[in-house]
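Visitor: Could you walk me through this model? I'd like to start with what the terms mean.

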Amino acid sequence: MVERIADSEENLLRIADVESSFAGGVNEVFVQPLAKPGRVLIGEGVLTKMCRKKPKPRQFYLFNDILVYGDIIMSKKAYIKQRILPLEDITVEDLADDGVMKHGWLIRTPSKSFAVYATSASEKQEWTTYMIKYGKEQLEKTGKIPEKENAAVWTPNSEASICMNCRKTQFSLLKRKHHCRKCGSVVCKSCSSNKYLIVAVSPRPQRVCDTCYDKLTAVRPPIVIRPVPPRPPAIKTIGRPVSPLQHTDLPADLRAAHVPNSSPHLPGVQGSTATTGQDPAPPPTASPASSHLT
């Protein structure tokens, strides 16, 4: 069914509308085009995403190969901060209802993981069913092996009043909260002074808590990036004779012209030599032979 509607006019127009809705942001310079042969828009809707500080509504688009979402500027018209997650990288994990936060599930990937919540149980069932279905299809098409480890889900700031590492530091306006990029815990500055390179998350070293840093360095020492010393300035020489070895690719008659103190042949003059600033020595004169009178 997906293959039949992939090239339909209705599907192409819907994808074009999604592209244009992400093009209205003032600072939106990294919007990726979404039109692609075989890509189909399966569904769309607003889900509540658990962010670092508090839950926030986000617009989601489910395609047969990717999940796209962004911040809502104008409902059903304009969005910013476009993010794309390949379905073959997504692992769906159920979440139990917790107070007012109901109908939720985890979206886990190697680069980013977070919780989302639907407005009803039936909406949750529909989203998770199609995400799992098309994710499996993409794995079969690409032959990709799922990653063994996914990024951590960050603990919301509201759920931590003290450092989750030392259990002593009380957070306040002066003592800020930080997130460990490895385990997602909320920790204080003193318990997260180290950084470690987590390739799947970022190409740069990320803040990690002391507990995770000790575990990571016990398995693999941290990568130390040392500055490359500057090269010494090149010494320029003026008037230095050119070695004939540097002209081995020239013809023999031209190569001879680059050899110091060589004597090139002058056309039309037999046995001529190159001038050196001095007049050539005159040819020797033969002494007159002695005459014998008889």
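Guide: Buried means under 20% relative accessible area and exposed over 50%, with partly exposed in between (1.4 Å probe, protein chains only). This is a predicted model, in which local features need pLDDT of at least 70, side-chain atom pairs count only at pLDDT 80 or more, and totals for chains, interfaces and linings use all residues. Residues are numbered from 1 along each chain as its sequence is written, and side-chain values use heavy atoms, with hydrogens and water left out.

Visitor: OK, is His179 buried or exposed?

Guide: His179 counts as buried because its relative accessibility is 3%.

Visitor: And what does His179 touch?

Guide: Leaving aside residues up to four places away in sequence, the contacts (heavy atoms within 4.5 Å) of His179 include Arg52, Trp154, Thr155 and Arg207. A polar atom of the His179 side chain lies 2.6 Å from the backbone oxygen of Thr155.

Visitor: Switching to H2, which of its residues are buried?

Guide: In H2, a helix being a DSSP run of H or I with at least four residues, numbered from the N terminus, the buried residues are Asn11, Ile15, Val18 and Ser21. They lie on the same side of H2, because they cover an arc (of the directions from the helix axis to the C-beta atoms) of only 120 degrees.

Visitor: What sits on the face turned away from that buried side?

Guide: That face of H2 carries the exposed residues Glu9 and Asp17.

Visitor: Last one: where is pLDDT under 50?

Guide: The pLDDT (the predictor's confidence in each residue, from 0 to 100) stays under 50 over residues 286-294, and the model has zero contacts for them beyond four places in sequence. Where pLDDT is low, predicted coordinates should not be read in detail.

Notes. Helix = DSSP H or I, 4+ residues; strand = E, 2+ residues; numbered from the N terminus. Polar contact = N/O pair within 3.5 Å; in protein donor to acceptor, adjacent residues only side chain to side chain.
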